Amino acid sequence: FAFEKIRNSENVIDLGTGNRIIPLLLTKSRAKSLTGLEIQAENVDLAQRSVALNNLSYKIQIIHGDIKSVSEKFPKHSFDSVLTNPPYMINNHGKQNPNDAKLIARHEVLCNLEDIISAADFLLKPNGKFFMIHKAFRLPEIFNSMINHKIEPKRMQMILPFADKEANLVLIEGRKNGNPRLQIEKNLIVYEKPGTYTKMIEDIYSSADLRAYRFVYITCRLGR
């Protein structure tokens, strides 16, 4: 969703990068620099090792830090694009995983939606781009927070597990200080049948070329 929107010489940050591979995959874009910010030390270690393993330390920087304290790590308005795959579930909502790392990744334990969008507001240059995947049922809250921080929703794509199911995830692009106008993309359907991806998903994986990289640990999923 964000790949074709990353332009030449952009500085890009992934908030809550975990041990996942978004900065690695974005090395195929023309981004000038890629930064991953992550609060869990074990995830930082795994991500840093993956970067080193792929000889990409010249372009990717993984930083240990709190999304709520971005002002202590970065100058204001220092990034052209902000990406995030944040915790989806309100802390008291749903079944909580006793595994602390997964609990933090899935539930708003250490940061919430407002913290994420506030951080993006601080980090984005004027007219900078914001990309996020989140739970579809939280769209009103997402749009309200984005608009309050002058990040105008510009593009949206609903993600459906199957063609006959309701959307469970949503991809959103926003623009700092953008004009009001929302483009709604064709729905993205994940599975043709249980265990079989649709051609849409296969094409995404093919264009990303996951085989191009070696990883210490991979958790690359649509959602959590």
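**A tour from strand β1 outward**

Select residues 11-15 to begin. This is strand β1, and it is mostly covered: five of its five residues are buried. Keep in mind that the model is predicted.

Show the side chains of β1. Asn 11, Ile 13 and Leu 15 point one way. Val 12 and Asp 14 point the other way. Both sets are buried.

**The partners of β1**

Add residues 33-38, strand β2. It pairs with β1 in the parallel sense, over five bridges. To find one of the places where they join, pick Asn 11: its bridge partner in β2 is Ser 33.

Now add residues 79-84, strand β4. Four bridges join it to β1, and these two strands also run parallel. Pick Asp 14 here; its bridge partner in β4 is Leu 83.

**A stop inside β4**

Stay in β4 and select Ser 81. Is Ser 81 buried or exposed? It is buried, because its relative accessible area is 0%, and the cut-off for buried is under 20%.

What does the side chain of Ser 81 make a polar contact with? The side chain of Glu 10, at 2.9 Å.

Next, display the surroundings of Ser 81. Leaving aside residues up to four places away in sequence, Ser 81 touches Ile 6, Glu 10, Asn 11, Val 12 and Ile 13. It also touches Leu 124, Lys 129 and Phe 131. Of these contacts, Asn 11, Val 12 and Ile 13 belong to β1, where the tour began.

**Helix α2**

Move to residues 41-53, helix α2. Put a distance between its end C-alpha atoms: they are 18 Å apart. That agrees with the 18 Å that 13 residues should span at 1.5 Å a residue.

Colour the buried residues of α2: Asn 43, Val 44, Leu 46, Ala 47, Ser 50 and Val 51. Then look down the helix axis. These residues fall within an arc of 165°, so they line one face of the helix. The spacing has a simple basis: an α-helix has 3.6 residues a turn, so residues three or four places apart point the same way.

What covers that face? The cover of the buried residues includes α1 (22-25), β2 and β3 (60-64). So β2 turns up twice on this tour, as a partner of β1 and as part of the cover of α2.

Just past the helix, select Asn 55. It follows α2 and has a positive phi, near 55°.

**Zoom out**

Show the whole protein. It has six helices and eleven strands. Of its 224 residues, 49% count as buried. Among contacts with a separation of 6 or more, residues 24 or more positions apart account for 69%. Finally, turn on the surface: the protein exposes about 11500 Å², and carbon and sulfur atoms supply 50% of it.

Terms used: Residues numbered from 1 in each chain as written. Predicted model: local features only at pLDDT ≥ 70, side-chain atom pairs only at ≥ 80, totals over all residues. Heavy atoms only, no water. Buried < 20%, exposed > 50% of the residue type's maximum accessible area, 1.4 Å probe, protein only. Pairing = 2+ DSSP bridges. Expected span 1.5 Å × (residues − 1). Arc of directions from axis to C-beta. Contact = heavy atoms within 4.5 Å. Polar contact = N/O pair within 3.5 Å; in protein donor to acceptor, adjacent residues only side chain to side chain. Areas by Shrake-Rupley, 256 points an atom, 1.4 Å probe, with all protein chains shown as cover.
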